[in-house]
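Q: Could you take a close look at how the strands are paired in this model, and at what sits around them? I'd like one connected tour rather than a list.

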Amino acid sequence: MSKLILVVDDEESIRISLGGILEDEGYQVLHAENGADALDLIREEVPDLVLLDIWMPGMDGIQTLEQIRNLFPDLTVVMMSGHGTIETAVKATRIGAFDFIEKPFSLDKVLITIANALNFKELRKENEALRLSALKEHEMVGASAGVELLRGQIQRIAPASTPVLIHGEEGVGKELVARAIHHYSTRRDKPFVAVNCMAVPEALLADELFGHERGAYTGANSQKRGRLDLADGGTVFLDEVHELSLKAQGELLRILTDHSFERCGGSRPVRIDVRVVAATSRSLERAVQDGLFREDLYQFLQVVPLELVPLRERSEDIPLLVKHFVRLFHRREGWEPKTFDDSALACLKSYDWPGNIRELKNIVERILIMAAGPVITADDLPALMPGGNCKASSRLQEAAEQGEAAVGSLRSARERFERDFILQTLLRSAWNLDKAAALLEMERTVLQRKLLQYGLTPEDER
């Protein structure tokens with residue numbers, strides 16, 4: 001379908017000549033002789049591009065441009081004038097014009113400018129589609145109480161610039177939460193830069209975080225910007241932050257509090273403005289007690305703590321997660337769609353998922369590749385689960401037909417064991433929560449949540 005261009009000019013000869021040229025190039029053309037008529041036409045049918053004259057009686061081009069930007073902020077506008085000045089062009093560009101062309105027109109200039117404007121509009125659409133697609137791939141999936149609570153927490157904390165510390169087991173989705181915080185923040189249009197502190201050797205950490213100047217060492221033939229520099233204005237995600245050495249922790253704290261650093265081999269301070277979201281799968285409280293993590297950095301990072309529950313504690317979300325991963329796989333690979341029946345889902349829900357969501361995603365993709373039929377049942381799963389970790393298919397089918405009774409009893413048994421184990425530990429420690437948390441190897445905040453979950457109080461005797 002050909003693009004629609006609106007030509008706005010008070011001179012009829014300009015409208016006719018320019019319209020004829022554009023129609024010869026395959027464009028559809030609308031005409032307006034003043035700003036008010038142009039706005040009326042746009043309200044009826046939004047064009048792909050507006051060619052707008054600046055010098056018109058009544059509402060001039062700059063005023064019309066301002067109205068267009070207020071009413072149709074995504075509409076592409078190219079300004080035209082026979083009395084163009086640099087000041088006018090700058091003002092129009094600041095308001096939101098894509099470009100500025102002068103009369104008398106150069107045919108090549110007009111056509112090139114229009115092509116560039118339309119291409120830019122398409123590119124912007126594609127970028128937005130890619131951004132939304134990437135966001136969908138990293139969206140939080142689930143309807144459990146824990147996921148709903150987490151969504152609400154993210155919405156509340158995202159607009160601030162305070163540090164966030166995410167705690168959770170490996171594979172539970174800590175980076176996904178960090179990206180969601182960035183997306184809903186005022187920094188969403190700036191970079192999100194992830195640093196896996198476990199993957200970077202200590203000898204290379206300074207270069208990775210801060211970059212280097214040319215000639216800083218042998219082989220440094222050009223300046224390199226570090227991760228913190230690249231994240232300026234946006235969010236830096238420090239994954240597995242507990243892996244940093246004490247020396248690196250001290251340097252990081254100084255930079256985050258001073259908002260500046262020097263590249264390796266440099267002497268000029270580099271100013272940065274970044275929001276820090278850190279994540280860990282270990283207890284930083286215990287690391288502080290053991291002298292492995294600086295208490296001042298811990299206090300800096302945990303202004304807003306978030307605790308992510310493991311997948312085994314929200315197994316009701318597994319069917320939704322499976323459906324999400326299936327959709328992502330089919331969209332990426334273009335294969336014929338497959339579905340998981342109730343018996344297969346019951347099997348997946350009966351597994352403890354020590355690798356959490358990451359493990360579930362990998363297993364779902366493995367099953368989609370290896371299973372032969374369009375409908376995946378429990379019979380397809382045992383050989384594809386870790387260590388064949390799936391009950392006999394006949395028993396799973398029976399459990400599915402009974403409305404997941406067997407899965408519920410397994411979960412209930414696990415919860416009963418956990419409750420009794422926590423209670424016995426609390427009794428042994430005389431209800432000293434710090435001591436009990438240390439014995440249980442969990443954060444105090446996690447223990448407090450468990451007490452609420454199981455309704456445990458000091459009055460309990462067993």
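A: Two strands pair if DSSP finds at least two bridges between them. The strands, and the helices too, are DSSP runs numbered from the N terminus (E, at least two residues; H or I, at least four). This is a predicted model, in which local features need pLDDT of at least 70, side-chain atom pairs need 80 or more, and totals for chains, interfaces and linings use all residues. Numbering starts from 1 along each chain, and side-chain values use heavy atoms, without hydrogens or water.

Let's start with an open sheet. Five strands line up in the order E7-E10-E13-E6-E14, and their pairing is parallel. At the edges you'll find E7 and E14 (304-307), each of which pairs on one side only. The partner of edge strand E14 is E6, covering residues 164-167, and four bridges hold the two in parallel register. If you want one spot to click on, try Ile 166: its bridge partner in E14 is Leu 306.

Now for the rings. Five aromatic pairs turn up in the structure (ring centres of Phe, Tyr or Trp, its six-membered ring, within 6.5 Å; stacked under 30 degrees, edge-to-face over 60, otherwise tilted). One of them is Phe 192 with Phe 237, and it counts as stacked because the planes sit at 20°, with 6.2 Å between the ring centres. Phe 192 belongs to strand E7 (residues 192-196) and Phe 237 to strand E10 (residues 235-239), so this contact ties together parts 45 residues apart in sequence. Are these two phenylalanines buried or exposed? Phe 192 is buried at 17% relative accessibility, where buried means under 20%, exposed over 50% and partly exposed in between (1.4 Å probe, protein chains only). Phe 237 is buried as well, with a relative accessible area of 0%.

Another aromatic pair brings together Phe 210 and Phe 261, with ring centres 5.8 Å apart and planes at 35°, so this one is tilted. Phe 210 comes from helix H8 (residues 202-210) and Phe 261 from strand E11 (residues 260-261), so the link spans distant parts of the chain, 51 residues apart. Both ends are covered: Phe 210 is buried at 7%, and Phe 261 is buried at 2%.

Next, move to the strands around E3. Strand E3 (residues 49-53) is mostly covered, with five of its five residues buried. In a regular strand, side chains alternate between the two faces of the sheet. For E3 that puts Leu 49, Leu 51 and Asp 53 on one side and Val 50 and Leu 52 on the other, and both faces are covered.

Who are the partners of E3? Strand E1 (residues 4-8) runs parallel to E3 and is joined to it by four bridges. Strand E4 (residues 76-81) is also parallel to E3, joined by five bridges. Leu 51 is a handy landmark here: Val 7 stands opposite it, and in E4 its bridge partner is Val 78.

E4 itself is largely enclosed by the rest of the structure, because six of its six residues are buried. Thr 76, Val 78 and Met 80 point one way from E4, while Val 77, Met 79 and Ser 81 point the other way, and all are buried. So, for a last look, keep E3 and E4 on screen together: they're parallel neighbours, with Leu 51 and Val 78 as bridge partners.
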